[in-house]
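Dear colleague,

I am handing over the structure we spoke about, and below it you will find my notes on what turned up when I went through it. Please read them with the coordinates open beside you.

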Amino acid sequence: MTITETAWDAPEESEGRTASAHGAGALFGRGADVERLRRCVQQEPGTPGALVLVGEEGIGKSRLLRTACEQAAGAGGLVLTAQGWAPEREVPYGLLRHLLAPLTDRIPTLGEPHQQALLAAFAAGPGATVPSGADVSAGTAALLDRLCHPGSDSPAGRVLIAVDDAHACDRPTLELLGALVRRTEGSRVSLLLASRDCEVLLGLPADAEVWHVAPLSLRSSADLLDSVPGAPVGRTRLEVLEEAEGNPSALLELCRRRASGADPALARERTPRLQNLRTRFDALIGPLPARTRRALVYAAVALPGDDAAAVMAALDTSDLRIWAPAEEAGMVALIDGHIVFRHPLARVAASTGQPAALLTRAHRDLAERASARPLDRARHLVAAAVVPDASLIEDLRAAAGHSTDDFTLARALEDAARVSTSVDERARLLAGALDAAVAVGDLDWVRCLHARFLSVNSDPRLAREAALAAATALSHSSRQKEAFDLLLDSADRHPSVGAAVDARSATLAAAIAEQSGLVEHRDRLSELVAGLRESGLRESGPGPDGRTGTGPAGADSPGPTGVLAGFVQGVATQPRSARRVAEGPDALVGSGPLDGRDQLTRRLAIGSVAYLSDEPDVALEHYRAADTYLRGRRAFGLRAWHMAPLLDTLLATGQWSEVSARVEEATDKAAVLRLTRPQADLEAFDLSLRALRGTAPASLPAWPAVPFDGHENAATRARLVRAGALVAMSHGEWADAYRRLRTLFAEDGAPLHPFLSSRCIAELALAAHRAGTNEEAAAVLAQVRSAHGERPTARMTLLLHHATALVEPGADPEHHFRLALVNAEGERWPVERAQARLSYAIWLRRARRPSEARQQLVAALDTADALGSRPLASAIRQELRASGVANNAGSAADSATLGRLTAQQQQIVRMAAQGLSNREIGEQLFLSPRTVGTHLYNVYPKLGVSSRHQLRDLLQST
């Protein structure tokens with residue numbers, strides 16, 4: 001396969017994708033908002049009768065109101081809606097007329113005083129005499145009471161009043177609505193208001209709740225954007241997401257503005273409301289003083305590094321009053337030393353339609369004040385130049401080397417490439433942009449840049465670097481075969497381009513081979529390692545004498561990349577080299593912060609060697625250092641490489657809180673960037689963690705949720721299979737768990753994945769032991785034992801002996817249980833060690849040695865409680881009860897657990913065990929019921945219980 005045969009088409013960046021099944025009108029990321037509205041509409045206990053949605057323009061308040069109205073109408077309730085309008089703000093009860101318009105035919109059915117009050121209110125105009133608010137309020141309440149009466153047009157007997165743009169409503173109507181809520185408290189009338197600010201609260205009851213509608217998360221914003229027909233992809237998509245700042249209307253408007261060759265569907269979907277929102281900011285700018293409009297242009301083209309001082313210096317003024325008119329108009333604010341636009345579209349309006357000369361001057365003036373920030377200075381100068389000269393392009397490329405943000409770097413280099421007049425220079429700039437875009441992780445952007453690079457490049461070294469970028473993108477897309485073939489083809493076509501590129505190629509190929517699990521990939525790794533050695537330099541790594549340096553490549557000193565490649569090839573054939581590399585991180589890369597891609601490559605190679613050779617402390621040191629470095633660069637595309645082994649190590653070593661936090665953050669990033677293989681990995685870790693904690697669903701939905709080819713992604717497939725098996729085990733479905741785990745091995749017992757399959761051998765044996773399939777599991781165990789040779793790692797020793805004790809015919813179980821637990825290093829894998837203790841205790845109990853079983857069970861229970869593993873803790877407690885010494889052993893362990901709680905938590909636990917409700921506990925301890933509930937929620941996993949009656953049993957045993 002040649003570089004140009006990657007099965008990639010290269011459409012222009014503006015090409016859109018097919019709309020998702022959700023449609024552009026769907027709600028994204030508003031689950032909590034919709035649930036809060038539902039509770040208010042249904043008048044659930046503890047919810048106020050009035051709820052005010054507050055948020056900036058275009059944030060989605062109107063859409064949420066419509067959703068609430070649809071739900072209320074669907075439940076059979078009566079819905080009264082109206083929208084505030086500024087010209088009617090001075091018309092008394094102007095909004096009330098619109099609200100009650102559907103009910104005018106009911107007014108004659110009221111008593112005469114109520115009829116007169118309402119009709120007089122409806123007839124009132126600006127400056128006219130209106131009836132008293134009390135009379136109008138009484139009339140409205142009477143009308144609604146009749147509607148809520150059984151047999152009315154509202155079968156559910158519930159009325160929802162929903163007012164949009166309440167900030168533009170007349171004050172008498174707002175005060176009436178507030179009085180109505182107070183008067184009908186406890187009835188079936190709900191009030192929802194949407195407003196830009198909280199001023200509407202002045203006329204509402206004191207307990208009216210304010211619900212701030214927050215911007216969409218990045219993931220929800222991406223889902224919304226991708227649902228729009230013709231939505232942009234690649235760089236433009238990321239820029240729209242960044243500029244919109246989570247505002248849905250701004251997102252859609254920016255999408256339309258940025259799309260070139262707009263789809264006709266976009267024009268059809270352009271709504272008047274969006275047009276009004278867009279043009280409102282244009283209208284605000286017109287009346288501003290000339291110097292303020294000029295200042296807004298400077299602020300609009302400023303880069304993130306240009307603070308308020310830089311912008312003021314570029315404007316050649318120190319008078320902050322220049323911003324006052326724009327601040328009063330709600331356009332900008334001075335926050336933390338920066339000029340901040342109050343709405344995403346305000347920035348767009350400030351720079352749109354301005355003379356080119358003014359924009360150019362702004363960029364040049366800002367560039368003069370950015371001498372301490374070379375990349376920002378170069379970006380401003382490139383933007384200001386019609387045709388940048390060669391020296392300017394060179395300055396930008398030199399400054400790019402100091403960038404700490406790969407997204408900014410990729411954009412700057414691509415912009416420079418667009419205006420460069422030199423073909424060779426353009427190729428170098430595109431190569432740099434491609435490398436940075438791979439770090440960012442947007443595969444469409446990588447595809448576009450790769451195609452443009454191939455059309456102009458003639459440099460062999462740059463061709464190799466581009467192949468690395470393309471292979472990374474293909475791998476993240478689950479296409480490991482294409483990625484590996486591309487690396488080999490590139491190395492064949494362009495050999496000997498330098499040790500650094502060869503090292504990166506070999507490291508990437510090793511990672512792809514480990515991910516694919518394919519024998520042909522492991523076999524061909526030697527070709528890339530040979531290229532690394534033939535480049536004339538070996539990596540900085542330990543030589544035969546243990547010292548580091550740079551010298552001729554040799555079989556005894558392959559460096560971390562060579563060791564990694566050899567380790568992936570031979571599985572466990574290089575334990576000494578692996579341990580030597582894993583144990584010498586400081587000698588290899590130093591103890592300082594990461595600096596540059598080559599050092600990052602070495603760190604990741606060392607971390608991978610440590611991960612595969614079961615050295616978790618070393619693996620975590622290097623993976624965490626790399627992750628911190630890449631997180632600061634906004635380089636999730638590179639973070640995705642080590643995310644799975646990092647999470648796997650954290651999960652195995654019991655650091656579950658960190659796993660949970662990292663999975664949540666990384667899942668959003670992977671979904672936004674649409675990285676299918678990392679998404680599947682993250683799904684597996686999320687489900688594995690929930691299974692270990694006892695919170696996984698009893699049955700798996702359609703899963704995984706992302707398209708992914710398991711035939712060339714054995715590592716991800718193994719993680720998914722194990723996650724499903726852990727769910728089955730947590731629910732006691734041992735036959736199902738065994739069936740799943742057995743698929744990790746071929747018919748003859750050969751592992752699907754050389755590392756991950758083997759690490760499941762104890763779980764396979766445990767499931768087989770419970771399901772009665774020991775003989776079949778023993779055959780698989782023999783294969784795994786043979787593959788790991790006479791000197792397996794401490795972890796594999798634990799797992800192999802545990803499995804042997806469970807299923808090996810003719811083996812001495814006690815001998816193998818003791819060998820599994822004798823090595824103190826096993827404490828580094830707490831779950832696997834605790835499970836081995838439980839299995840040993842069960843064997844001891846059946847051998848009628850309860851006191852020895854008790855020792856193992858109490859130690860295992862402490863581990864399970866500390867981890868928060870409810871299924872494991874429950875199984876241990878069940879075994880304690882079955883052993884006949886459950887009360888004593890349980891008391892020892894549970895008393896220790898209770899002692900780790902705070903004094904207040906112990907009080908709450910004891911009162912809950914006595915049968916007191918959260919409210920009763922709160923009244924005695926001067927806490928809110930919600931606080932009491934939160935304490936119990938956090939305490940239950942620590943105690944290994946899930947209900948109040950279990951608390952009673954627990955305390956009785958202590």
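The secondary structure of this protein, which is a predicted model, amounts to 47 helices and nine strands. Of its 958 residues, 54% count as buried, and among the contacts between residues at least 6 apart in sequence, 68% join residues at least 24 apart.

Towards the start of my notes is a pair of helices, H1 (residues 31–41) and H2 (residues 61–74), which pack with their axes 10 Å apart and at an angle of about 45 degrees. That angle makes H1 oblique to H2, because it falls neither under 35 degrees, where a pair would count as roughly parallel, nor within the 65 to 115 degrees of a roughly perpendicular one. The crossing in which H1 passes H2 is right-handed. On the side of H1 the contact is made by Asp33, Val34, Leu37, Arg38 and Val41, while H2 contributes Leu64, Thr67, Ala68, Gln71 and Ala72. Taken by character, the residues of this contact divide into six nonpolar, two polar and two charged. As general background to the spacing in such lists, an α-helix has 3.6 residues a turn, so residues three or four places apart point the same way.

The next item is helix H9 (residues 248–258), which is largely enclosed by the rest of the structure, because nine of its eleven residues are buried. The buried residues are Pro248, Ser249, Ala250, Leu251, Leu252, Glu253, Leu254, Cys255 and Arg256, a list that includes Glu253 and Arg256, both of which count as charged. The N-terminal end of H9 is capped by Asn247, from which a side-chain oxygen lies 3.1 Å from the backbone nitrogen of Ser249, and Ser249 is itself one of the buried residues of the helix.

The last item concerns a single residue, Asp614, which lies in the loop between helix H29 (597–612) and helix H30 (616–632). Its relative accessibility is 6%, and because the cut-off for burial is under 20%, Asp614 counts as buried. Which partners does the side chain of Asp614 have in polar contacts? One is the side chain of Arg759, at 3.0 Å, and another is the side chain of Thr793, at 2.6 Å. When neighbours within four places in sequence are left aside, Asp614 is in contact with Arg759, Thr793, Arg795, Met796, Arg828 and Trp829, so that both polar partners appear in this list as well.

With best wishes

Terms used
Residues are numbered from 1 along each chain as its sequence is written. This is a predicted model: local features need pLDDT of at least 70, side-chain atom pairs count only at pLDDT 80 or more; totals for chains, interfaces and linings use all residues. Side-chain values use heavy atoms; hydrogens and water are left out. Axes are lines fitted to C-alpha atoms, for helices over the stretch in contact, and angles run from 0 to 180 degrees between N-to-C directions. Helices (H or I, at least four residues) and strands (E, at least two) are DSSP runs, numbered from the N terminus. Angles under 35 degrees count as roughly parallel, over 145 as roughly antiparallel, 65 to 115 as roughly perpendicular and the rest as oblique. A crossing is left-handed if the near helix is turned anticlockwise from the far one by less than a right angle, and right-handed if clockwise. Contact means heavy atoms within 4.5 Å. Buried means under 20% relative accessible area, exposed over 50%, partly exposed in between (1.4 Å probe, protein chains only). A polar contact is a pair of N or O atoms within 3.5 Å; within protein, one must be able to donate a hydrogen and the other to accept it, and residues adjacent in sequence count only if both atoms are side-chain atoms.
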